[in-house]
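Please walk me through this structure, helix by helix. Keep it brisk, and tie the packing to individual residues.

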Amino acid sequence: MAILVILCLLAASGCGASASAQDGYGPADVRFNQQMIIHHRQTIQLAELAAERTATAWVKELSGKLIAGDKADIEAMSGWLKSWNEQVPSEQPAKEGEELRAGPGFDRGWLTMVSEHLRHGIHMAEEVRTSGRHQPTLQLAGRIIRNQNAELSGIAERLA
């Protein structure tokens with residue numbers, strides 16, 4: 001009987017370990033989600049600036065797309081952090097891109113700034129893909145890499 005109890009406990013602990021490893025997360029996942037929330041908030045600040053200061057339809061469309069996508073990502077990442085009992089970064093005052101003024105040259109300056117910002121986001125996503133464990137975070141990182149590379153291609157065409 002004791003052997004049966006031990007075997008049941010071992011089986012149960014083995015099942016639990018595989019389930020937690022599958023659903024698990026690590027420090028890289030926490031760090032990425034916290035930093036990407038801040039990064040996405042900065043992207044939203046830049047995008048809102050473009051929505052106010054550009055007269056170009058393509059820039060307005062891109063800024064709207066960035067705002068919608070990043071807000072959805074922030075909601076998901078905040079949910080994961082809360083479920084892990086980890087801190088969700090607080091809001092920061094808007095400062096990104098404030099030096100860009102409406103008028104001639106705004107679009108070029110904004111697109112240049114946004115492209116640098118998106119490259120940084122891709123770098124962050126690539127890092128978590130090598131060290132993260134949380135599957136939804138890794139899937140998000142892959143989507144960020146794909147989407148932001150596509151946006152960078154469009155920006156490069158406009159800046160050429």
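The crossing of α2 and α3 is left-handed. The two helices pack at an angle of about 155°, with their axes 8 Å apart. Angles over 145 degrees count as roughly antiparallel, and α2 and α3 are therefore roughly antiparallel to each other. Their contact is mixed in class: 14 nonpolar, 6 polar and 6 charged residues.

Now step back to the whole chain. The model is predicted. The protein chain holds 5 helices and 0 strands. From the N terminus on, its elements run α-α-α-α-α. The chain has 160 residues, of which 40% count as buried. Take the contacts between residues at least 6 apart in sequence: 80% of them join residues at least 24 apart.

Next, α2 against α4. These helices pack at an angle of about 165°, and their axes are 10 Å apart. That angle makes α2 roughly antiparallel to α4. This crossing, of α2 and α4, is left-handed. The contact of α2 with α4 divides into 14 nonpolar, 8 polar and 2 charged residues.

One residue of α2 deserves a closer look. T43 is found in this helix. Is T43 buried or exposed? Its relative accessibility is 3%, so T43 counts as buried; the cut-off for buried is under 20%. Which residues does T43 contact, leaving aside neighbours within four places in sequence? They are L66, D70 and H117. Two of these partners, L66 and D70, appear among the buried residues of α3.

That leads to α3 itself. The helix covers residues 57-83, which is 27 residues. At 1.5 Å a residue it should span 39 Å, and its end C-alpha atoms are 39 Å apart, so the two values agree. Its buried residues are V59, L62, S63, L66, I67, D70, D73, I74, M77, S78, W80 and L81. An α-helix has 3.6 residues a turn, so residues three or four places apart point the same way. Read the buried list of α3 with that in mind: V59, L62, L66 and D70 are among its members. What covers the buried residues of α3 includes α2 (27-53), α4 (106-131) and α5 (135-159). Just after α3, the backbone changes character at N85, which takes a positive phi of about 60°.

Finally, α5. This helix has 25 residues. From its first C-alpha to its last it reaches 36 Å, close to the 36 Å expected at 1.5 Å a residue. Its buried residues are T137, L138, L140, A141, G142, I144, I145, Q148, E151, L152, G154 and I155. The cover over them includes α2, α3 and α4.

I155 lies in α5. With a relative accessibility of 1%, I155 counts as buried. What does I155 touch, not counting residues up to four places away in sequence? The set is W58, L62, L111, V114, S115 and L118. L62 is also one of the buried residues of α3. How far apart are I155 and V59? In sequence they are 96 residues apart, and in space 9.2 Å, C-alpha to C-alpha.

Note on methods: Residues numbered from 1 in each chain as written. Predicted model: local features only at pLDDT ≥ 70, side-chain atom pairs only at ≥ 80, totals over all residues. Heavy atoms only, no water. Helix = DSSP H or I, 4+ residues; strand = E, 2+ residues; numbered from the N terminus. Expected span 1.5 Å × (residues − 1). Buried < 20%, exposed > 50% of the residue type's maximum accessible area, 1.4 Å probe, protein only. Contact = heavy atoms within 4.5 Å. Axes fitted to C-alpha atoms, helices over the stretch in contact; angles between N-to-C directions. Parallel < 35°, antiparallel > 145°, perpendicular 65-115°, else oblique. Left-handed = near helix turned anticlockwise from the far one by under 90°. Nonpolar A, V, L, I, M, F, W, Y, C, P; charged D, E, K, R; others polar.
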